[in-house]
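Colleague: Could you walk me through how the labels on this structure are chosen? I'd like to see the cut-offs behind them.

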Amino acid sequence: MFTEPSNIAQKSGWIEVVCGSMFSGKTEELIRRLKRAKIAHQQVGIFKPLLDNRYHQNNIVSHNETTISASAVANAKSILELADAFGVIGIDEAQFFDEDILHVVEKLANMGKRVIVAGLDMDYAGKPFGPMPKLLSIANFVTKLHAVCMQCGGAASYSFRISNNTDQVVIGEKDHYEARCRSCFHA
Ligand code: ADP
Ligand code: MG
Ligand code: ZN
């Protein structure tokens, strides 16, 4: 389990990235970290891309139904405009943001904020997803989670699309995707 760094100079912010396949627990982990920050009486700002409207627009909800309120924003730059009051910034579904997200999270961390980013590292084809590879590079802390493979029960790193659509972005849940390990993904 990730423990908040305590030996970092207070002046300095940092970037944490939580990645993995669908159902790997990214949102749950993001919510866990953010709730702890709230318990510590820190000001927490939480953002997600506007296009991800699977659940309530102003909440982030995990597949386990843990939830926390969030602002849906049209683009990465909006986060910067809304972030002033917060010492801790949470961002979910970061793979859907434009490349500006890189500059935005750097800037927030340089302002002294703790930035926690969750997102899919790979798309349904097993290819790096949007800005995630670069976010992983600039992160100070990286956590890669695994789901349970729905074919064999092994550790799943891939989001296998059950439907036939070949667009990179198809918003959906268990109706469109299942978590799979490497061998079941390629089978
Ligand atoms: P993510 O944000 O990575 O898609 P969530 O945090 O929303 O994942 O959901 C994680 C939860 O999903 C787990 O705690 C579990 O209850 C549920 N779940 C459903 N299918 C799976 C699976 N194949 N492997 C692991 N967890 C699953
Ligand atoms: Mg999620
Ligand atoms: Zn498998």
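Modeller: Let's start with "buried": a residue is buried under 20% relative accessible area, exposed over 50% and partly exposed in between, using a 1.4 Å probe and protein chains only. Also, this is a predicted model, where local features need pLDDT of at least 70, side-chain atom pairs count only at pLDDT 80 or more, and totals for chains, interfaces and linings use all residues. Residues are numbered from 1 along each chain as written, ligands are numbered from 1 in the order in which they are written, and side-chain values use heavy atoms, without hydrogens and water.

Colleague: Why does cysteine 184 count as buried?

Modeller: Its relative accessibility is 14%, and the cut-off is under 20%, so cysteine 184 counts as buried.

Colleague: What makes Cys149, Cys152, Cys181 and Cys184 donors of the zinc ion (ligand 3)?

Modeller: Donors are N, O and S atoms within 2.8 Å of the metal (3.2 Å for Na, K and Ca). The SG atoms of these cysteines lie 2.3 to 2.4 Å from the zinc ion, so they qualify.

Colleague: And why is the arrangement called tetrahedral?

Modeller: Four donors count as tetrahedral if all angles lie between 85 and 135 degrees. Here the angles are 101 to 117°, so the zinc arrangement is tetrahedral.

Colleague: How do you know that lysine 26 makes a polar contact with ligand 1?

Modeller: A polar contact is a pair of N or O atoms within 3.5 Å. A polar side-chain atom of lysine 26 lies 2.7 Å from an oxygen atom of ligand 1, so the pair fits. A backbone N or O atom of histidine 63 also lies 2.7 Å from a ligand 1 oxygen.

Conventions
Four donors count as tetrahedral if all angles lie between 85 and 135 degrees; four count as square planar and six as octahedral if opposite donors are over 155 degrees apart and all others between 65 and 115; anything else is irregular. A polar contact is a pair of N or O atoms within 3.5 Å; within protein, one must be able to donate a hydrogen and the other to accept it, and residues adjacent in sequence count only if both atoms are side-chain atoms.
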